[in-house]
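Please work through the exercises below with the sequence and the structure open beside you, attempting each task before reading its solution.

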Amino acid sequence: MTWRLRRAGPGDASALSLVAAASFLETFAGIIAGPDMVRHCTSNSSPAKFDAWIADPASVVTLAEHPDGAAPVGYTLLTPPDLPIATDAHDIELRRIYALSLTRGSGLGHQLMARAIDDARTLGRRRMLLGVLGINAQARAFYEREGFTLAGTRQFRVGEALFDDVVYAKTL
C-alpha cells in the first residue's frame with residue numbers, strides 16, 4: 001500500500017486531532033487510566049494545539065492519509081526540543097510519531113520517520129531527539145532499528161500518573 005504523506009496545513013487540525021486521540025488510545029489503553037487519557041487528549045491533541053503547531057515556523061506537522069479516501073491514519077510532529085537533556089539550536093524533537101494499528105507492518109512508520117528526518121535536515125537540524133514510554137518495547141525497538149540511541153530519561157505526567165520515559169537521539 002502506498003500511503004500519502006503531506007505537510008499539514010490550515011484546515012488539517014481536526015483530522016490531526018482525531019488521529020492523535022485514536023492512536024494515543026490504541027497505544028496506551030490499559031496503561032493510562034481512561035479519564036486521564038481523555039483529559040490528556042482533549043488538552044494536548046486539540047484542534048487548537050494542532051493549528052498552533054501548523055502555524056509555527058519552528059514546527060513541522062506531517063499527515064499520513066489512506067490512499068483510498070484520504071482518511072487520516074498517522075502523523076508526525078517536529079518541534080523545538082523540550083526535554084531534560086542538553087540541547088542546542090541544531091536539535092529538533094520528534095514530539096510525536098503515531099500511526100493507527102491498521103497500518104502496522106505496512107512500512108508507514110518507516111516512511112513517517114524518513115520524512116521527519118528529511119524535514120529536520122531541511123530546517124538545518126543535526127540531531128533528532130524523542131521521548132518514549134520506557135516500557136513501550138515495540139516503540140523502543142522501532143526507534144533503535146531507525147538508528148536512535150539512548151540519551152537520557154525523564155518523567156512524563158498524564159493526569160495523576162507519572163511515567164518513566166527514555167530519551168533517544170539520532171545524529172542527522
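The exercises that follow concern a predicted model, and each task is followed by a worked solution.

**Exercise 1. Describe the elements of the protein and the order in which they occur along the chain.**

Solution. Begin with the count, which gives five helices and seven strands. Then follow the chain from the N terminus, where the elements run β-α-α-α-β-β-β-α-β-α-β-β.

**Exercise 2. Work out the strand order of the sheet and identify its edge strands.**

Solution. Start with the order of the seven strands, which is S1-S2-S3-S4-S5-S7-S6 in an open sheet with mixed pairing. Next look for strands that pair on one side only, and these edge strands prove to be S1 (4-7) and S6 (149-158). From one strand to the next, the twist averages 25°. Finally, turn to the pairing of S6 with S7 (residues 161-171), which is antiparallel and extends over nine bridges; within this part of the sheet, Val 158 has Ala 161 in S7 as its bridge partner.

**Exercise 3. Determine which strands helix H1 touches and how helix H5 is placed on the sheet.**

Solution. Take helix H1 (residues 13-28) to begin with: this helix packs on the sheet and touches S2 (60-65), S3 (72-79), S4 (91-99) and S5 (127-133). The direction of H1 makes about 95° with that of S3. Then consider helix H5 (residues 137-145), which lies across S4, S5, S6 and S7 and runs at about 165° to S5.

**Exercise 4. Is Leu 25 buried, partly exposed or exposed?**

Solution. First locate the residue, which lies in helix H1. Its relative accessible area is 48%, and, because buried means under 20% and exposed means over 50%, Leu 25 is classed as partly exposed. As a further step, compare positions along the chain and in space: Leu 25 and Cys 41 are 16 residues apart in the chain, and their C-alpha atoms are separated by 8.8 Å.

**Exercise 5. Assess whether the radius of gyration of the protein agrees with that of a compact globule, and describe its contacts and surface.**

Solution. For 172 residues, a compact globule would have a radius of gyration near 16 Å, and the protein, with 15 Å, agrees with this. Along the principal axes, its C-alpha atoms fill a box of roughly 40 × 40 × 30 Å. Turning to the contacts between residues at least 6 apart in sequence, 64% join residues at least 24 apart. As for burial, 44% of the 172 residues count as buried, while the protein exposes about 8400 Å², of which carbon and sulfur atoms supply 54%.

Conventions: Residues are numbered from 1 along each chain as its sequence is written. This is a predicted model: local features need pLDDT of at least 70, side-chain atom pairs count only at pLDDT 80 or more; totals for chains, interfaces and linings use all residues. Side-chain values use heavy atoms; hydrogens and water are left out. Two strands pair if DSSP finds at least two bridges between them. Helices (H or I, at least four residues) and strands (E, at least two) are DSSP runs, numbered from the N terminus. Axes are lines fitted to C-alpha atoms, for helices over the stretch in contact, and angles run from 0 to 180 degrees between N-to-C directions. Contact means heavy atoms within 4.5 Å. Buried means under 20% relative accessible area, exposed over 50%, partly exposed in between (1.4 Å probe, protein chains only). The radius of gyration is taken over C-alpha atoms; the globule rule is 2.2 Å times the number of residues to the power 0.38. Accessible areas come from the Shrake-Rupley method with a 1.4 Å probe; for residues, only the protein chains shown count as cover.
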